[in-house]
Amino acid sequence: MSVPETYYLALAAALFSIGVVGVIIRRNPLVIFMSIELMLNAANLSFVAFGHRLGSPDGQALVFFVMAVAAAEVAVGLAIIVAIFRLRRRLSVDDLNLMRW
Amino acid sequence: MEWVSFVIISLVALGSALGLILKRNAIHGALFLVTNLGSIAALYLMLGAEFLAAAQVIVYAGAIMVLFVFAIMVLIPGKEETGPDPRRVWRLLALPAGGVLLVLLAVMAVTGRSPAPGRLPAGSNVETIGRLLFTDYLFPFELTSVLLLAAMVGVLLLARRRA
């Protein structure tokens, strides 16, 4: 007997929530980035689960685009973190209040 | 059989996700994330998305995580997680917030009206995705190449020593 898609969606919900908590409780920007990847993957998993349920490959095509955008986002984000580290010599997100109102 | 593999893979996915956000060492976090991405690739296989499972391993576990490990080795993080935390109370509020979010999402997933079930088209999954990408999604596909080029140029600009 095959697993209903609802269980995949519940797993994706759990992974997304863990990613949200990770973004909030961690102080290291690199780990925050990895938690964002976790959230992206949870969203991808629900895309694929819905596509499986509907019998449509469009969900998988969307996940392909999400992966491409995530790759670009990670490259730019890590470059920004490296540039900030060169400028400030510190890496905690609590110190990055330059653009606060 | 499918249930057994689903339960095992989800436990691995949840455990590695918790390990990512709970371990202080960023390299351990990166290894946990690789485990998590691999288990999600296995779930893609179970959902009949072979192309995405392969792309997940190549793009995420291969390219993106190597980039992360390089950044961790260049920056050598770790000191910022050990000192006293002036915002500890605010950070601990994340736990109830995450719990509420989890309950909301799970209720939506379980009670939501489920659409009429269909079947994925028979035949090779790679062929189906390839045809879809080059017919219906041709314009977004080309836009993706522009986006990747822009990201590459932007990263070169940001990473130059004297920008």
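**Exercise 1. Helix H1 of chain A**

Determine how many of the 21 residues of H1(A) are buried, and test whether the length of H1(A) agrees with the value expected at 1.5 Å a residue.

*Solution.* Step 1. In this predicted model, H1(A) is mostly covered, since 18 of its 21 residues are buried.

Step 2. For the length, the 21 residues of H1(A) should span 30 Å at 1.5 Å a residue. The C-alpha atoms at the two ends of H1(A) lie 31 Å apart, which agrees with that expectation.

Step 3. A single residue may now be examined. A:Gly19 belongs to helix H1 of chain A. A residue is buried if 20 or more other C-beta atoms lie within 10 Å of its own; A:Gly19 has 25 such neighbours and therefore counts as buried.

Step 4. Beyond residues up to four places away in sequence, A:Gly19 touches A:Ser35, A:Ile36, A:Leu38, A:Met39 and A:Ala42. A:Ala43 stands 24 residues from A:Gly19 along the chain, and their C-alpha atoms are separated by 11 Å.

**Exercise 2. The contact between the chains**

State how many residues each chain gives to the contact, and describe the side of chain A that touches chain B by class.

*Solution.* Step 1. Chain A contributes 62 residues to the contact and chain B contributes 69 residues.

Step 2. On the side of chain A that touches chain B, at least two residues come from each of helix H1 (5–25), helix H2 (29–54) and helix H3 (58–88) of chain A. H3(A) provides the largest share of this side, 21 residues.

Step 3. Sorted by class, this side of chain A holds 44 nonpolar, 12 polar and 6 charged residues.

**Exercise 3. Two helix pairs across the contact**

Decide how H2(A) lies relative to H3(B), and how H3(A) lies relative to H6(B).

*Solution.* Step 1. H2(A) packs with helix H3 (residues 50–75) of chain B at an angle of about 170 degrees, and their axes are 11 Å apart. Angles over 145 degrees count as roughly antiparallel; H2(A) and H3(B) are therefore roughly antiparallel to each other.

Step 2. In this pair, A:Leu30, A:Met34 and A:Val48 of H2(A) meet B:Leu52, B:Phe68, B:Ala71, B:Ile72 and B:Leu75 of H3(B). The contact of H2(A) with H3(B) has 8 nonpolar, no polar and no charged residues.

Step 3. The axes of H3(A) and helix H6 (residues 125–134) of chain B come within 10 Å, crossing at roughly 70 degrees. Angles of 65 to 115 degrees count as roughly perpendicular, and H3(A) and H6(B) are therefore roughly perpendicular to each other.

Step 4. Here A:Asp58, A:Gln60, A:Ala61 and A:Phe64 in H3(A) meet B:Ile129, B:Leu132 and B:Leu133 in H6(B). By class, the contact of H3(A) with H6(B) comprises 5 nonpolar, 1 polar and 1 charged residues.

**Exercise 4. Three residues compared with the cut-off**

Classify A:Leu30, A:Ala68 and B:Leu20 as buried or exposed, and locate each in its helix.

*Solution.* Step 1. A:Leu30 is placed in helix H2 of chain A. With 22 other C-beta atoms within 10 Å, A:Leu30 is buried. A:Gly77 is 47 residues from A:Leu30 along the chain, yet their C-alpha atoms are separated by 9.3 Å.

Step 2. A:Ala68 lies in helix H3 of chain A. A:Ala68 has 20 other C-beta atoms within 10 Å and is therefore buried. Apart from neighbours within four places in sequence, A:Ala68 is in contact with B:Thr144 and B:Leu148. A:Leu78 is 10 residues from A:Ala68 in sequence and 16 Å from it in space, C-alpha to C-alpha.

Step 3. B:Leu20 is found in helix H1 (residues 2–22) of chain B. Its 27 C-beta neighbours inside 10 Å make B:Leu20 count as buried. B:Ala30 is 10 residues from B:Leu20 in sequence and 7.2 Å from it in space, C-alpha to C-alpha.

Step 4. The contacts of B:Leu20, not counting residues up to four places away in sequence, include A:Gly22, A:Met34, A:Ser35 and A:Leu38 of chain A. In chain B, B:Leu20 touches B:Gly29, B:Phe32, B:Leu33 and B:Asn36.

**Exercise 5. The domains of chain B**

Give the bounds of the domains of chain B and the separation of their centres.

*Solution.* Step 1. Chain B is divided into domain 1 (1–79) and domain 2 (124–163).

Step 2. Taken over C-alpha atoms, the centres of domain 1 and domain 2 of chain B are separated by 23 Å.

Notes: Residues are numbered from 1 along each chain as its sequence is written. Chains are lettered from A and ligands numbered from 1 in the order in which they are written. This is a predicted model: local features need pLDDT of at least 70, side-chain atom pairs count only at pLDDT 80 or more; totals for chains, interfaces and linings use all residues. Two residues are in contact if their C-beta atoms, placed from the backbone, lie within 7 Å. Helices (H or I, at least four residues) and strands (E, at least two) are DSSP runs, numbered from the N terminus. Ala, Val, Leu, Ile, Met, Phe, Trp, Tyr, Cys and Pro count as nonpolar, Asp, Glu, Lys and Arg as charged, and the others, Gly among them, as polar. Domain bounds come from an automatic or database domain assignment. The expected span of a helix is 1.5 Å times one less than its number of residues. A residue is buried if 20 or more other C-beta atoms lie within 10 Å of its own, exposed if 12 or fewer, and partly exposed in between; C-beta atoms are placed from the backbone. Axes are lines fitted to C-alpha atoms, for helices over the stretch in contact, and angles run from 0 to 180 degrees between N-to-C directions. Angles under 35 degrees count as roughly parallel, over 145 as roughly antiparallel, 65 to 115 as roughly perpendicular and the rest as oblique.
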